[in-house]
Amino acid sequence: MSASGRTSSATAPLARRRLLVGAAAGAAALTAGGCARGASTSAQPGTTSISNDNATWDDGYRAAGRELEKITGFSLRPLSNPSVTSYQQVVQMTLQTSKASDLVKWASGYQLKRLARAGGLTDLTHVWEGYAAKGWVRGTSREAVSYRGKAFGIPLYESYYVLFYSKPVFRKLGLSAPGSWEQLLHCAEVLKRNGITPFLASQVGGWPAIEWFQELVSKVDPGFYGRLVAGEASYTDEPARQAMDIWHDFMRKGWMTPPDFDQARGPGALKEGTVGMFLHGTWQASGMSAAGMKPGTDYGAFILPTVRPSTPKSVIAESGVFVVPGRASSHEAAKANVGAWLTPSVQRVWSDFLQDSSANPTVRAGNPVVAELQRDIARNRRTALVRYWEASPPSLIQGNTNDLGGFMAGQTSPASTLRRMQERAHGEWAAWKRDEA
């Protein structure tokens, strides 16, 4: 799983030996004074370095950095480490040392809280408040970047979990984007009848196992989802059982791809017409373009309908963050750049590169499919719910994600999976609160 929360779909599970070797190699490289690609983390005049785990974004950082330079005098210099495990370990090992980069891409929510709790991060509360005064950040996302009342992160992007779908396939079969649960089931039945797998579902890379869990639980009862991830409800409660039963039923009907289906193949599968719908973050829009698909013509997207019409509407939201190590070699430059990051001119370049939503709500997405989703969220006043990966203590989420992967592989039943998840939740929440005391 990406430390920022966003991981390349091409990331495949690694064997334990490869994980250990990658982590050791990444730590050794940084200890020697370099990060990914051998780039030095030491100060370079006129730049701020960014540690990140997604090299495909390097050109986007550089483009946004050119806009930042017009405002602050400092560009961005990405330092990419492609091994997620290595990246996370290296950041935590070097955060409070002179080897720390100027900016670090990380995850929000409890992933950020755990990093902040260890110490070594710069308090960015004044930066956050400046953005809030201009309306350049959503006040509801403050908690996801805070620890003990102080903001330690500035939002890097904002993505939503949606179902991409093949417009040519839907047109051929006389289907349209479903606006209700009954219409969704009808689409799935028609697709299956015509030899097309209705839904892409994957556990490749581990973390994707959370996607259908968070979607179905939140569309059964978004209020319950909020209580569940806050440790105020049980995984064995009725809404969670109902969500897992729906998921299990979809798999038994052959409506989902095998769990070893790599999400990197998702855009191609939609284009080929072998899969009808692909649940993923809106950041996958760039993957659609890379596969030669035009937004609005070759693909569309919609938010999963609620199971019951009376259920309040919601959307799962994901946002990575920039954090500033306290011992960054270009500390003032880093603070200047995070203080200008959400400027509309910078965000226009950045969101156009990602083909996704900006964390600044005043910036409309350039991709028409994503822009329409933004309008839907505003029009229907959907409650934004924190993505499962960031919503609870990291050790709890990691263990539960493994259990969900086992469920997808047919190793456990819905009931036994939920019991294991609840047993872990009981212990991990107690440990988190004990450490907080």
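# A guided tour of the predicted model

Begin by selecting Gln-355, which sits in the loop that runs between helix H14 (344-354) and helix H15 (368-379). What is the sign of phi in Gln-355, a residue other than glycine? The value is positive, near 60 degrees, and this can be set against the general pattern, in which most residues other than glycine have a negative phi. Keep in mind throughout the tour that the model on the screen is a predicted one.

A second stop of this kind is Arg-148, found in the loop between strand E4 (146-147) and strand E5 (150-151). Arg-148 is not a glycine either, yet its phi is positive, at about 50 degrees. With a relative accessible area of 59%, Arg-148 is exposed, since the cut-off for that class is over 50%.

**The whole chain**

Now zoom out and show the C-alpha trace, which spans about 60 × 45 × 45 Å along the principal axes of the protein. Colouring by secondary structure brings up 18 helices and 13 strands. The radius of gyration is 21 Å, which agrees with the value near 22 Å that a compact globule of 437 residues would have. Among contacts between residues at least 6 apart in sequence, 77% join residues at least 24 apart.

If you switch to a surface, the exposed area comes to about 16900 Å², and carbon and sulfur atoms supply 52% of this area. Buried residues, for their part, make up 57% of the 437 residues. Selecting the charged side chains picks out 48 positive and 36 negative ones, and the centres of these two sets lie 2 Å apart.

**The nonpolar cores**

Hide the surface and turn to the interior. In soluble globular proteins, nonpolar side chains tend to be buried together. Which residues touch the most other members of the largest nonpolar core? In this core of 59 residues, they are Leu-163, Phe-199, Trp-212, Phe-213, Trp-247, Met-277 and Tyr-388. Centre the view on Met-277 and display its surroundings: leaving out residues up to four places away in sequence, Met-277 touches a list of residues that includes Leu-163, Phe-164, Tyr-165 and Phe-170, as well as Leu-184, Cys-187 and Leu-191. Also among the residues that Met-277 touches are Pro-198, Phe-199, Leu-200, Leu-270 and Phe-302. A second core, separate from the largest one, has 42 residues, and Trp-106, Val-137, Phe-152 and Leu-156 are included in this second core.

**Helix H17**

Next select residues 394-408, which form helix H17 and contain Asp-403. Is Asp-403 buried or exposed? Its relative accessible area is 7%, so Asp-403 counts as buried, the cut-off being under 20%. Apart from residues up to four places away in sequence, Asp-403 touches Thr-412, Thr-417, Arg-420, Met-421 and Arg-424.

Leu-396 lies in helix H17 as well, and with a relative accessibility of 0% it counts as buried. Beyond residues up to four places away in sequence, Leu-396 touches Met-421, Arg-424, Ala-425, Glu-428 and Trp-429. Met-421 and Arg-424 are therefore worth keeping on display, because they appear among the contacts of Asp-403 and among those of Leu-396. To place His-426 in the view, draw a C-alpha to C-alpha distance from Leu-396: the two residues are 30 apart in sequence and 9.3 Å apart in space.

**Helix H2**

The last stop is helix H2 (residues 58-72), where Ile-71 is located. Ile-71 has a relative accessibility of 44% and so counts as partly exposed. Setting aside its neighbours within four places in sequence, Ile-71 is in contact with Ala-340, Thr-343, Ser-345 and Val-346.

Lys-70 is also found in helix H2, and its relative accessible area of 65% makes it exposed. Finally, add Asp-102 to the selection and draw two C-alpha distances. From Ile-71, which is 31 residues away along the chain, the separation is 18 Å, and from Lys-70, which is 32 residues away along the chain, the separation is 19 Å.

Conventions
Residues are numbered from 1 along each chain as its sequence is written. This is a predicted model: local features need pLDDT of at least 70, side-chain atom pairs count only at pLDDT 80 or more; totals for chains, interfaces and linings use all residues. Side-chain values use heavy atoms; hydrogens and water are left out. Helices (H or I, at least four residues) and strands (E, at least two) are DSSP runs, numbered from the N terminus. The radius of gyration is taken over C-alpha atoms; the globule rule is 2.2 Å times the number of residues to the power 0.38. Buried means under 20% relative accessible area, exposed over 50%, partly exposed in between (1.4 Å probe, protein chains only). Contact means heavy atoms within 4.5 Å. Accessible areas come from the Shrake-Rupley method with a 1.4 Å probe; for residues, only the protein chains shown count as cover. Lys and Arg count as positive and Asp and Glu as negative; His and the chain ends are not counted. The place of a charge is taken as NZ of Lys, CZ of Arg, CG of Asp or CD of Glu. A nonpolar core is a set of buried Ala, Val, Leu, Ile, Met, Phe, Trp, Tyr and Cys residues joined through side-chain atoms within 4.5 Å.
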